[in-house]
Every structure is written in C-alpha cells, then in structure tokens.
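Work through the exercises below with the sequence and the model side by side. Try each task before you read its solution.

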Amino acid sequence: MNNSYIINKNTLLIKSTIDKKGVVIFDDKKTINLDIILHKFINDCCKYYGNSYKGKFESSKIYLNKNIKLPIIISENYELIIFPTNSIRNPNCIWIVYNNIDNIKKLDNKNTIIIFKNGIEFCVNCSYNVINNQINNCARLKCVLIERKRALNV
C-alpha cells in the first residue's frame, strides 16, 4: 500500500504523469510526484479510509442511481468526496477533491477552470457542463452522508 501520501483535506486534485506511470498530486501548498499508477493510488487511499475503490464505487452507484464517472466518498469521517473528470479508464482522467472547490468557469466548449478555495486555478480538459454535473453529484452524495450521520447521531 502507498504510505507516502493519502488524499486529505489539503488535496486539490490528482492526475497521471505524462507517461501514465505515476501520479502528480496538487496539494494546498505543494506538488507531489509518486511512482504509482492513478487507479492504484486511488484504491490505496480508499483502503486507508476503510474500504476499497470498488466498495466506495458500489455505494455511490446505489445513492446516485448511476454507474459512470461516479464521485466517491473517500473518507466518511472527514466528509472527503472526489470525482473523476472522465471515465476512470481514460488515461487523461483527473480526480478532483470536491470539498476544496470554490467555483468553476467555462473557458471554452472543452475546457473548464476549477477555482479552489485557496485561490489556485487549474484548467481541466472537460466541459463546464460535465464538471457542473459532477459537482452536483458530489453535493447529492454529501447530503446522503450528512443524513446518515444525523440518523446515527454521530
């Protein structure tokens, strides 16, 4: 398991390196490069927080009644939710931490600027509508999470 970095409240986004053999993590204060493929990194982070990617994916599938480009609750305790910009099989997929998004801006029909709460801006090769839908899906997941916690009096 990857122990050198775990997605946390300071993580902004994760993407593959140009050669697709590693990941680049954009954190609130730094950029980290790891020699691990993107899907394995995401799965390791899921396991760190208590479940596999597959388990978190299946939960999102039930809550959102969808089965493609699903956001996942990476950590229920910290209410951390991440979403992919593309199919996870797409080598250009980027995972964005929903919790750190302040706003989004349409650049053109194929590109969107993500503005994070710390002021950092990042352009993703994904339409504004797709990013906006993903943010809405994350908000739905967060509502489910809050309702579950409220029902358990946590």
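## Exercise 1: A hairpin and its strands

In the hairpin of S1 and S2, six residues lie between the strands, and lysine 20 takes a positive phi near 65°. Strands, like helices, are DSSP runs numbered from the N terminus (helices: H or I, at least four residues; strands: E, at least two). The model is predicted: local features need pLDDT of at least 70, side-chain atom pairs count only at pLDDT 80 or more, and totals for chains, interfaces and linings use all residues. Residues are numbered from 1 along each chain as its sequence is written, and side-chain values use heavy atoms, with hydrogens and water left out.

**Task.** Find how many bridges join S1 to strand S2, and which residue stands opposite serine 16.

**Solution.**
- Step 1. Locate strand S2 at residues 23-27.
- Step 2. Count the bridges: five join S1 to S2, and the two strands run antiparallel. Two strands pair if DSSP finds at least two bridges between them.
- Step 3. Look across from serine 16: valine 23 in S2 stands opposite.
- Step 4. Check the burial of strand S1, residues 11-16. Five of its six residues are buried, so S1 is largely enclosed by the rest of the structure. Buried means under 20% relative accessible area, exposed over 50%, and partly exposed in between (1.4 Å probe, protein chains only).

## Exercise 2: The sheet of six strands

**Task.** Give the order of the strands in the open sheet of six strands, and then place the helices that pack on it.

**Solution.**
- Step 1. Write the order: S3-S2-S1-S6-S5-S4, with antiparallel pairing.
- Step 2. Mark the edges. Strand S3 (31-34) and strand S4 (72-75) each pair on one side only.
- Step 3. Note the twist, which averages 25° from one strand to the next. Axes are lines fitted to C-alpha atoms, for helices over the stretch in contact, and angles run from 0 to 180 degrees between N-to-C directions.
- Step 4. Follow S4 to strand S5 (residues 80-84): three bridges join them, and they run antiparallel. The bridge partner of isoleucine 73 is isoleucine 81 in S5.
- Step 5. Add helix H2 (residues 53-64). H2 packs on the sheet and touches S4 and strand S6 (94-97); its direction makes about 135° with that of S4. Contact means heavy atoms within 4.5 Å.
- Step 6. Add helix H3 (residues 128-152). H3 also packs on the sheet, touching S4 and S5, and its direction makes about 150° with that of S5.
- Step 7. Return to S1. S1 and S6 pair in the antiparallel sense over three bridges, and leucine 13 has isoleucine 96 in S6 as its bridge partner.

## Exercise 3: The sheet of three strands

**Task.** Which strands are the edges of the open sheet S7-S8-S9?

**Solution.**
- Step 1. Read the order S7-S8-S9; the pairing is antiparallel.
- Step 2. The edge strands are S7 and strand S9 (121-124), and each pairs on one side only.
- Step 3. Neighbouring strands of this sheet are turned by 25° against each other on average, direction ignored.
- Step 4. Strand S7 (residues 101-106) pairs with strand S8 (residues 112-116) over five bridges. Five residues lie between S7 and S8 in their hairpin. Lysine 106 stands opposite threonine 112 in S8.
- Step 5. Lay H3 over the sheet: H3 lies across S7, S8 and S9, at about 155° to S7.

## Exercise 4: Helix H1 and the core

**Task.** Which residues of helix H1 are buried, and which residues does isoleucine 42 touch?

**Solution.**
- Step 1. Take H1 as residues 38-48. Its buried residues are Leu38, Phe41, Ile42, Asn43, Asp44, Cys45 and Cys46.
- Step 2. Just after H1, find glycine 50, with a positive phi of about 110°.
- Step 3. Turn to the largest nonpolar core, which has 45 residues. Such a core is a set of buried Ala, Val, Leu, Ile, Met, Phe, Trp, Tyr and Cys residues joined through side-chain atoms within 4.5 Å.
- Step 4. The residues with the most contacts inside this core are Ile7, Phe41, Ile42, Trp95 and Ile96.
- Step 5. Isoleucine 42 touches Ile7, Tyr53, Ile72, Ile74, Ile82 and Trp95, not counting residues up to four places away in sequence.
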